[in-house]
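User: Please take a close look at one part of this model, the charged pairs between side chains, and set them against the rest of the fold. A connected account would suit me better than a list.

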Amino acid sequence: MDAFIRFANQSQGRDRLFRATQHACMLLRYLLESKAGKEAVVMKLKNLESSVSTGRKWFRLGNVVHAIQATEQSIQVTELVPRFCLTLANLNRVIYYICDTVLWVKSVGLTSGVNREKWQVWAARHYYYFLLLSLIRDLYEIVLQMERVARDRAKRETSPQDPPGYSVANEETEWFQSLLLLLFRSLKRHPPLLLDTVKNFCDILIPLNQLGIYKSNLGIVGLGGLVSSVAGLITVVYPQLKLKTR
């Protein structure tokens, strides 16, 4: 109950909930579009998706300030690679939120001198840069975790002798399997890193589609956005699962 109260009191949590609803509507709309007799339901889902998307803008008006604060905090990170990636990522997030605010001003009719298509491309581009840099940071953290797990494993085990029937092909297969197992153990040991990686990977499908770098259908984008939103909700309800900077 306490966790739910903390969640409800945070605009970030409400935005994540709205976002999950928006992408759930998108996914359901994709699944129902090809079915006969579902036109009315599809139209209702489309209208709900549009309304939720508009409502989310109100929760995000103050995100420029939060992104600036995050940029200032990332400059203080001790390790070079995370500091570089997070600082550039948050700078791009600031620009993305500025573009998003301009698009919101245009959508509510407060100004008419805004080229909507141009600002949408700018917003998608800087959102893509933000997520790409965030994923690079995640990859760096994953490599560090894998090195730690490998060292711990090496301390517990002695070097085995090559088994009978040993071949280069077997070695390559075993190496790949060992790498996957090492990755699994590393992410299992560090749930915040797993959640952050999943969230950023699913999110990046959206700007990739908008920019035409990798075209996805409505279902893939909706599913990715829904998974990302659920991962974000988990970190809001349980702050200890949010990836920390060092």
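Analyst: In this predicted model, Asp 203 and Arg 19 form a salt bridge in which the closest N and O atoms are 2.5 Å apart. Asp 203 belongs to helix α8 and Arg 19 to helix α2 (residues 11-33), so the bridge ties together parts that lie 184 residues apart in sequence. Asp 203 is buried, at 4% relative accessibility. Arg 19 is buried as well, with a relative accessible area of 5%; the cut-off for buried is under 20%.

The count of salt bridges in the model comes to 5. One of them links the side chains of Arg 137 and Glu 141, at 3.7 Å from N to O. These two residues sit in helix α6, 4 residues apart, or about one turn of the helix. An α-helix has 3.6 residues a turn, so residues three or four places apart point the same way. For Arg 137 the relative accessible area is 6%, which makes it buried, and Glu 141 counts as buried at 4%.

Helix α6 also takes part in a bridge to another helix. The side chains of Asp 152 and Arg 189 meet at 3.0 Å, N to O. Asp 152 lies in α6 and Arg 189 in helix α7 (residues 168-189), so this pair joins parts 37 residues apart in sequence. Here the burial is of another kind: Asp 152 is partly exposed, with a relative accessible area of 27%, and Arg 189 is partly exposed at 45%. Elsewhere, Arg 29, Glu 33 and Glu 49 are joined into one network by salt bridges that share partners.

The nonpolar side chains form the other part of the picture. In soluble globular proteins, nonpolar side chains tend to be buried together. The largest nonpolar core has 17 residues, and those touching the most other members are Tyr 96, Tyr 97, Ala 123, Tyr 127, Phe 130, Leu 131 and Ile 204. At least two residues of this core come from each of α4 (63-75), α5 (80-107), α6 (116-156) and α8 (191-210). The largest share is from α6, with 7 residues. Ala 123 is in contact with Tyr 96, Cys 99 and Leu 103, when neighbours within four places in sequence are set aside. A second core, separate from the largest one, has 7 residues, among them Met 146, Leu 182, Leu 187 and Leu 193.

Helix α6 therefore holds Arg 137 and Glu 141, carries Asp 152 of the bridge to α7, and gives the most residues to the largest core. Helix α8 holds Asp 203 and is among the helices that supply at least two residues of that core.

As for the fold as a whole, the protein has 9 helices and 0 strands. Of its 246 residues, 39% count as buried. Among contacts between residues at least 6 apart in sequence, 76% join residues at least 24 apart. The accessible surface is about 14900 Å², and 62% of this belongs to carbon and sulfur atoms.

Helix α9 (residues 218-237) has 20 residues, and spans 28 Å from its first C-alpha to its last, close to the expected 28 Å. At the start of α9, a side-chain oxygen of Asn 217 comes to within 3.0 Å of the backbone nitrogen of Gly 219.

Methods: Residues numbered from 1 in each chain as written. Predicted model: local features only at pLDDT ≥ 70, side-chain atom pairs only at ≥ 80, totals over all residues. Heavy atoms only, no water. Core = buried A, V, L, I, M, F, W, Y, C linked by side-chain atoms within 4.5 Å. Buried < 20%, exposed > 50% of the residue type's maximum accessible area, 1.4 Å probe, protein only. Contact = heavy atoms within 4.5 Å. Salt bridge = Lys/Arg side-chain N within 4 Å of Asp/Glu carboxyl O. Expected span 1.5 Å × (residues − 1). Polar contact = N/O pair within 3.5 Å; in protein donor to acceptor, adjacent residues only side chain to side chain. Areas by Shrake-Rupley, 256 points an atom, 1.4 Å probe, with all protein chains shown as cover.
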